[in-house]
Amino acid sequence: MKTQLVFATGNANKMKEIREILGGLDVDILSIKEADIELNVKEDGVTFEENALIKAKAAAKKTDAIVLADDSGLEIDYLNKEPGVYSARYMGEDTSYEIKNQTLLNRLKGVPKEQRTARFVCAVAAVFPDGETIVRRGTIEGYIGESAAGKNGFGYDPIFYVEEYGCSTAEMTSQKKNEISHRGNALRAVREELVKRI
Ligand code: IMP
């Protein structure tokens, strides 16, 4: 039987991305749903790495497959790296991103561009059947614009601009974003480790 790899997320966008980036490896890639694993973990780590490991280890207890999990968020330097690991929970899980993004824009009102630096961060953890764990971090540097722009992507994409492209990540195609994104970079780093072990 082929090696199985479970990605501990319920997020369909992340599954699509992981299938694209890990494609070509000799593994069956399953979502947590497809692996029939129920996960109810408290992400109480203080770093992205800790939270990714918490999720991956919890799922690994329920399967013999290789398990991957990620944790990601936005760090805004001017706001002492807020919302950081609380990105999904910032202003409450149920608050719309239109409101979250507008609030962040308001908090940065009048702040000059050179002080609006920010980055998306993603940690991807892998737990192997023998108990070995690895974590890799990927980032993408950018800045918070003066206003929201773009309809692609999700979350904080409309306010996160990448200097080299002169647009927000919500104005990029998903293919372009995957090529340069924090999650893409972290997944590619983990892929290098998987290649050595599969
Ligand atoms: P996670 O699913 O626990 O990793 O939550 C990550 C949160 O960080 C998301 O809900 C978004 O708010 C934010 N985030 C992470 N990656 C991105 C991205 O690529 N674009 C926009 N927002 C992101």
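## Polar contacts with the ligand

A polar contact is a pair of N or O atoms within 3.5 Å. In this predicted model, Asp71 meets that cut-off, since an N or O atom in its side chain is 3.3 Å from an oxygen atom of the ligand. Nitrogen atoms of the ligand are approached as well: a polar side-chain atom of His182 lies 3.0 Å from one nitrogen atom, and a polar side-chain atom of Arg183 lies 3.1 Å from a nitrogen atom of the ligand.

Taken alone, the ligand exposes 490 Å², and the protein buries 89% of that area.

## The pocket and its shell

The ligand takes up the space of the largest pocket. Two elements each give two or more residues to the shell around the ligand, namely strand S3, which covers 66-76, and helix H5, which covers 182-197. Of these elements, strand S3 gives the most to the shell, with three residues.

In total, 17 residues surround the ligand, and the closest of them are Lys14, Ser72, Tyr97, Asp157 and Lys177.

## Cysteines and disulfides

A disulfide is a covalent bond between the sulfur atoms of two cysteines. The structure holds zero disulfides, a count that rests on a cut-off of 2.5 Å between cysteine sulfur atoms.

Are Cys122 and Cys167 buried or exposed? Cys122 counts as buried because its relative accessibility is 0%, which falls under the 20% limit for that class. Cys167 is also buried, because its relative accessible area of 14% is likewise under 20%.

Key. Residues numbered from 1 in each chain as written. Predicted model: local features only at pLDDT ≥ 70, side-chain atom pairs only at ≥ 80, totals over all residues. Heavy atoms only, no water. Buried < 20%, exposed > 50% of the residue type's maximum accessible area, 1.4 Å probe, protein only. Near = heavy atom within 4 Å. Polar contact = N/O pair within 3.5 Å; in protein donor to acceptor, adjacent residues only side chain to side chain. Areas by Shrake-Rupley, 256 points an atom, 1.4 Å probe, with all protein chains shown as cover. 1 Å grid on protein atoms, 1.4 Å probe; cavity = no way out; pocket = protein on both sides within 12 Å on 5 of 7 lines; lining within 4 Å. Sits in = over half its atoms within 2 Å of the grid points. Helix = DSSP H or I, 4+ residues; strand = E, 2+ residues; numbered from the N terminus.
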